[in-house]
Amino acid sequence: MGPREVAGRAGDAVRRRRWRSVLPECPEVTGARFTAVLPAGTIAAVPPDAAKRLVADADRLMAGHGGYFGVDRDDLAAPDWSYDPRTGRRAPWGHAFDVPYRDEDAVGDIKQIWELSRHQYLTVLAAAYALTGDERYAERVAAHLRSWWAVNAPLRGVHWTSGIELGIRLLSWVWIRRLLDGWPGAAGLFEGNPVALRQIWHHQRWLAAFPSRGSSANNHVIAEAAGQTAAACAFGWFPASARWRADALRSLERQLRSNTFGSGLNRELATEYHGLVLELGLAAVAEADGAGVPVPASVREVLLRMTDALAAVLDGRLRPPRQGDADDGHGLVLDGADTDRWASLLATGDAVFGRLAWWPAVTGTDVRTPLLAALIRPYAGNGTAPAVSRPARRPAHFADAGMTILRGPAGIWCRCDGGPHGFLSIAAHAHADALSVEVRHDGVDVLADPGTYCYHGQPEWRRYFRSTLGHNTLRLDGADQSVSGGPFLWTRGARSRVLVADPSGDSGDSGGGTARWCAEHDGYGRSVHRRRVELTAASRELRVVDEVRGPRRAAQLAFHLGPAITAELVGNRAALTWTRDGEDRSAVLDLPGDLSWRAHRGESDPPLGWYSAGFGRKEPATTLIGTGFTGGAQGFTTVLTFHD
């Protein structure tokens with residue numbers, strides 16, 4: 001932390017001590033009205049299949065069933081707001097500033113406890129009411145909100161410890177009130193309810209007082225600003241509402257710019273957080289536009305660049321890279337679980353900004369897009385069009401982010417990583433994955449990024465999934481390229497630089513040729529790891545060459561296969577097979593012969609051979625590890641050949 005951040009955190013500590021002694025009363029609110037309603041006809045514009053998926057999810061929730069981070073729950077009809085179903089623990093009661101929420105032994109799995117209290121399952125129930133008019137959904141929402149407010153008084157308990165949780169919860173409350181607007185009890189639940197007013201006011205007061213700072217000013221601060229913007233626009237009933245709104249919009253504008261590369265990719269280099277930030281930004285703009293509050297032009301410009309960048313990096317099945325941390329976090333949930341998140345974001349981008357000719361086609365539907373589009377002012381006209389040049393062709397190399405996408409026939413997609421090690425001084429959501437590659441065939445993970453799996457409470461698994469050995473790259477002397485100081489802290493990061501990025505051989509754009517990429521990093525001191533990747537369209541061959549300049553060192557080269565891949569390893573050749581849409585597919589992976597190769601699958605001591613499709617979930621997958629020494633004149637050459 002720099003001096004400014006240290007001073008800010010010291011001020012926070014003083015403020016916390018002062019807040020312990022006095023809890024101010026919410027100002028009296030009289031005559032409050034909720035006017036941030038959806039325009040007439042909006043609900044009727046929701047596609048029927050999207051509505052059907054959402055209502056099916058809502059009915060499961062009404063029956064008490066849901067699932068979070070790999071844990072199925074059947075207690076959602078009357079949830080215990082402090083209970084962690086994974087460990088069976090309950091978070092302790094007490095002043096929020098005393099709750100040790102990072103200590104799983106004392107609190108439980110904090111992600112499990114927090115997730116339900118983001119109230120995004122209640123936005124699903126509220127949307128089901130708006131779509132069907134069935135008051136059972138509205139009554140359940142009201143009962144759960146009253147329950148939550150009763151047992152989570154301001155500054156008491158685990159749900160008042162983290163700003164991102166308060167920000168997302170406020171955004172959910174705004175949409176719950178909006179979607180319940182036709183229900184006779186809506187006003188009595190919110191603006192006519194002193195308990196609700198007190199909660200809303202204290203949430204906004206907390207966010208205004210304790211913003212994420214400095215080394216922590218990543219997606220958290222954007223969630224805080226988005227939630228504060230939404231609440232101050234839609235619930236602008238308090239004396240401080242105008243100030244909170246103006247401050248939040250200034251913060252949103254500043255933090256969106258600082259969190260986003262000029263290319264449009266998120267600086268955390270963790271793709272799921274790109275999606276989270278984009279969702280939050282669009283939701284905040286919707287609230288400001290709906291309230292007639294001017295939005296800085298740069299906010300729309302950043303969101304436009306983020307949308308175009310997302311469209312550019314998706315594979316042929318609309319799957320994004322699996323880079324960096326991922327915790328299944330969403331900014332605004334208005335859809336059933338089977339709705340494709342990335343297709344939904346592109347659909348919203350199309351409705352708000354207009355799609356470009358090279359964007360991938362979106363065939364699915366969603367509920368959220370027509371609702372947001374009804375509030376956000378049109379891209380063209382009214383002075384809202386961002387003054388930004390959009391790419392005429394699909395970008396494939398993002399120099400500032402160090403990401404290059406190589407594409408070949410039959411949906412071959414390869415991400416090459418030569419970018420910075422995360423964002424800000426702690427690089428909280430980075431992995432030690434310099435020069436790693438991720439390869440897919442028609443959307444199937446062939447050489448996979450194993451994912452994230454967990455954050456707190458399982459340190460050996462956290463270390464594995466963010467380690468160098470846990471990625472498709474080279475490890476020297478049994479050490480990571482970057483040095484970890486904790487589950488969300490890196491004390492030294494490998495510095496990478498891209499030497500060659502020529503994706504012009506991309507058959508998707510030019511019809512053939514060889515696409516090339518080369519980069520190196522300095523994470524191993526006197527030894528420099530350099531990697532070359534070539535994708536030849538005609539032969540459907542991906543060639544990876546690893547070279548190490550420096551003293552002779554022990555080496556481990558890892559290739560992680562996706563969970564759908566069956567591998568038969570004989571010597572230094574692995575025959576790969578899988579099925580896609582009922583068709584058998586195959587490839588051959590020729591591995592460097594000067595390394596000794598072994599296949600690992602589902603090992604736990606230490607962890608090796610795993611794939612995490614989502615937070616809290618893992619499954620065995622084959623990992624091929626080659627062991628030997630550096631120093632060969634030709635380096636290590638790996639060739640992956642796809643068959644017709």
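Arg530 sits in strand β13, which covers residues 527–536. The model is predicted, and Arg530 is one of several residues and elements picked out below. With a relative accessible area of 24%, Arg530 is partly exposed, because buried would require a value under 20%. The chain around Arg530 contains 17 helices and 25 strands.

**Arg530 and its surroundings**

- Which residue lies 15 places from Arg530 in sequence and 8.2 Å from it in space, C-alpha to C-alpha? That residue is Val545.
- Val545 is also in contact with Arg530, once neighbours within four places in sequence are left aside.
- Other contacts of Arg530, on the same terms, are with Asp546, Glu547 and Arg549.
- The list of contacts of Arg530 also includes Leu435, Leu499, Cys518, Ala519 and Glu520.

**The chain as a whole**

- The chain has 644 residues and a radius of gyration of 25 Å, which agrees with the value near 26 Å for a compact globule of that length.
- Along the principal axes, the C-alpha atoms fill a box of roughly 80 × 50 × 45 Å.
- Of the 644 residues, 59% count as buried.
- The accessible surface comes to about 23,600 Å², and carbon and sulfur atoms account for 50% of that surface.
- Consider the contacts between residues at least 6 apart in sequence: 71% of them join residues at least 24 apart.
- There are 73 positive and 72 negative side chains, and the centres of these two sets are 6 Å apart.

**Helix α11 and Gln228**

- Helix α11 runs from residue 241 to residue 258, a length of 18 residues.
- From its first C-alpha to its last, α11 reaches 25 Å, close to the expected 26 Å at 1.5 Å a residue.
- The buried residues of α11 are Ser241, Trp244, Ala248, Leu249, Ser251, Leu252, Glu253, Gln255 and Leu256.
- Which helices help to cover the buried residues of α11? They include α9 (194–209), α10 (219–234), α12 (271–291) and α13 (297–313).
- Gln228 belongs to α10, one of the helices in that cover.
- Is Gln228 buried or exposed? Its relative accessibility is 5%, so Gln228 counts as buried, the cut-off being under 20%.
- Gln228 touches Trp244 and Ala248, and both of these are among the buried residues of α11.
- Beyond its neighbours up to four places away in sequence, Gln228 also touches Leu170, Gln204, Leu207 and Ala208.

**Helix α15**

- Helix α15 spans residues 368–375 and is mostly covered, with six of its eight residues buried.
- Those buried residues are Arg368, Thr369, Pro370, Leu371, Leu372 and Leu375.
- The cover over them includes α7 (163–179), α12 and α14 (341–353).
- Helix α12 is also listed in the cover of the buried residues of α11.

**Pro563 in its loop**

- Pro563 is found in the loop between β15 (554–560) and β16 (566–570).
- Pro563 has a relative accessibility of 28% and therefore counts as partly exposed.
- How far apart in space are Pro563 and Arg552, which are eleven residues apart in sequence? The distance is 34 Å, C-alpha to C-alpha.
- Pro563 is in contact with Tyr611, Glu619 and Ala621, leaving aside neighbours within four places in sequence.

**Unusual backbone angles**

- Most residues other than glycine have a negative phi, and most peptide bonds are trans.
- Ala410 is not a glycine, yet its phi is positive at about 60 degrees.
- Ala410 lies in the loop between β4 (403–408) and β5 (412–417), and its relative accessible area of 36% makes it partly exposed.
- Asp477, also not a glycine, has a positive phi of about 55 degrees.
- Asp477 is placed in the loop between β8 (474–476) and β9 (483–486), and it is partly exposed at 43% relative accessible area.
- Which two residues are joined by a cis peptide bond? They are Asp605 and Pro606, and omega there is about 0 degrees.
- Pro606 lies in the loop between β20 (603–604) and β21 (607–608).

How values were computed: Residues are numbered from 1 along each chain as its sequence is written. This is a predicted model: local features need pLDDT of at least 70, side-chain atom pairs count only at pLDDT 80 or more; totals for chains, interfaces and linings use all residues. Side-chain values use heavy atoms; hydrogens and water are left out. Helices (H or I, at least four residues) and strands (E, at least two) are DSSP runs, numbered from the N terminus. The radius of gyration is taken over C-alpha atoms; the globule rule is 2.2 Å times the number of residues to the power 0.38. Buried means under 20% relative accessible area, exposed over 50%, partly exposed in between (1.4 Å probe, protein chains only). Contact means heavy atoms within 4.5 Å. Accessible areas come from the Shrake-Rupley method with a 1.4 Å probe; for residues, only the protein chains shown count as cover. Lys and Arg count as positive and Asp and Glu as negative; His and the chain ends are not counted. The place of a charge is taken as NZ of Lys, CZ of Arg, CG of Asp or CD of Glu. The expected span of a helix is 1.5 Å times one less than its number of residues.
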